[in-house]
Amino acid sequence: TVRLRGSAGQSLGAIGIGGLRLVVDGDANDYVGKGLSGAQIVIAPQGRTLIEPHHSAIIGNTCLYGATSGSLMVAGRAGERFAVRNSGATAVVEGLGTNGCEYMTGGTVVILGSVGDNFGAGMTGGMAYVFDETDDFATAVNPDSVIWQRLSSEHYEAQLKDLVRQHAEATGSDFSRALLTEWEHQRGRFWQVIPKEMIGRLEVPVSEAAE
């Protein structure tokens with residue numbers, strides 16, 4: 001475990017392998033977790049700070065690009081092109097910019113906030129969950145490759161809730177803690193995003209009715 005404080009430069013934890021854990025009290029630049037290969041990365045401003053993490057980008061662009069495994073937990077927003085070509089890593093962030101999950105082929109991404117335009121373009125695998133506070137996700141998602149629906153499976157809801165719990169424990173995020181406290185009231189604001197190619201190929205159907 002390596003603990004850092006302050007502002008990290010580019011490519012923090014790039015190609016990080018299993019057994020490595022990076023914990024950053026602060027923020028980081030572009031390419032966080034590029035090619036992530038099993039390591040765990042946690043980024044969260046701690047203590048006294050002028051940053052309001054839930055509404056601030058605390059990691060840069062093209063983070064988690066080409067990741068294959070491992071996890072990234074961020075108490076704040078990400079920049080553009082988050083999780084592009086992610087093929088197996090797990091991530092929880094509190095919002096992101098344009099082109100999120102572009103060409104994603106695997107893994108699970110949870111976004112606890114708004115996303116920019118062209119979300120899910122070319123996404124062929126994996127799964128994403130988006131907390132839609134302003135009810136405008138439909139204007140941001142690219143409909144060519146994915147479908148999106150409200151939570152309708154106990155299995156996937158449990159998966160989502162567990163990831164939010166992990167995020168709260170790892171980062172101390174006030175927002176994720178509040179979501180857990182108000183889960184029954186807030187769960188209806190989540191969208192589950194599934195690549196069209198995966199419908200019918202999932203081990204667990206995306207809705208109880210389908211099962």
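Partly exposed means a relative accessible area between the buried limit, under 20%, and the exposed limit, over 50%. Arg150 is partly exposed because its value is 31%. The model is predicted.

**Salt bridges**

The count comes to 5 salt bridges. Three of them are tabulated here.

| Pair | N to O distance | Citation |
|---|---|---|
| Asp25 and Arg5 | 3.4 Å | salt bridge |
| Arg150 and Asp135 | 3.7 Å | salt bridge |
| Arg165 and Asp162 | 3.7 Å | salt bridge |

Asp25 sits in strand 2 and Arg5 in strand 1, so their pair ties together parts 20 residues apart in sequence. Asp25 is partly exposed at 21% relative accessibility. Arg5 is exposed at 76%.

Arg150 and Asp135 form a salt bridge that links distant parts of the chain, 15 residues apart. Arg150 belongs to strand 8, while Asp135 lies in the loop between strand 7 and strand 8. Asp135 is exposed, at 58%.

Arg165 and Asp162 both belong to helix 1, 3 residues apart, about one turn of the helix. Arg165 is partly exposed at 34%. Asp162 is partly exposed at 34%.

**Helix 2**

Helix 2 spans residues 174-181, with Phe175, Ser176 and Leu179 buried. These buried residues fall within an arc of 95° seen down the axis, so they line one face of the helix. Asp174 and Thr181, on the other side, are exposed. The cover over the buried residues includes strand 7, helix 1, helix 3 and strand 9. Ser173 caps the N-terminal end: a side-chain oxygen lies 3.2 Å from the backbone nitrogen of Phe175.

**Val141**

Val141 lies in the loop between strand 7 and strand 8. Val141 is buried, at 7% relative accessible area. Beyond four places in sequence, Val141 touches Phe119, Val146 and Trp148.

Notes: Residues numbered from 1 in each chain as written. Predicted model: local features only at pLDDT ≥ 70, side-chain atom pairs only at ≥ 80, totals over all residues. Heavy atoms only, no water. Buried < 20%, exposed > 50% of the residue type's maximum accessible area, 1.4 Å probe, protein only. Helix = DSSP H or I, 4+ residues; strand = E, 2+ residues; numbered from the N terminus. Arc of directions from axis to C-beta. Contact = heavy atoms within 4.5 Å. Polar contact = N/O pair within 3.5 Å; in protein donor to acceptor, adjacent residues only side chain to side chain. Salt bridge = Lys/Arg side-chain N within 4 Å of Asp/Glu carboxyl O.
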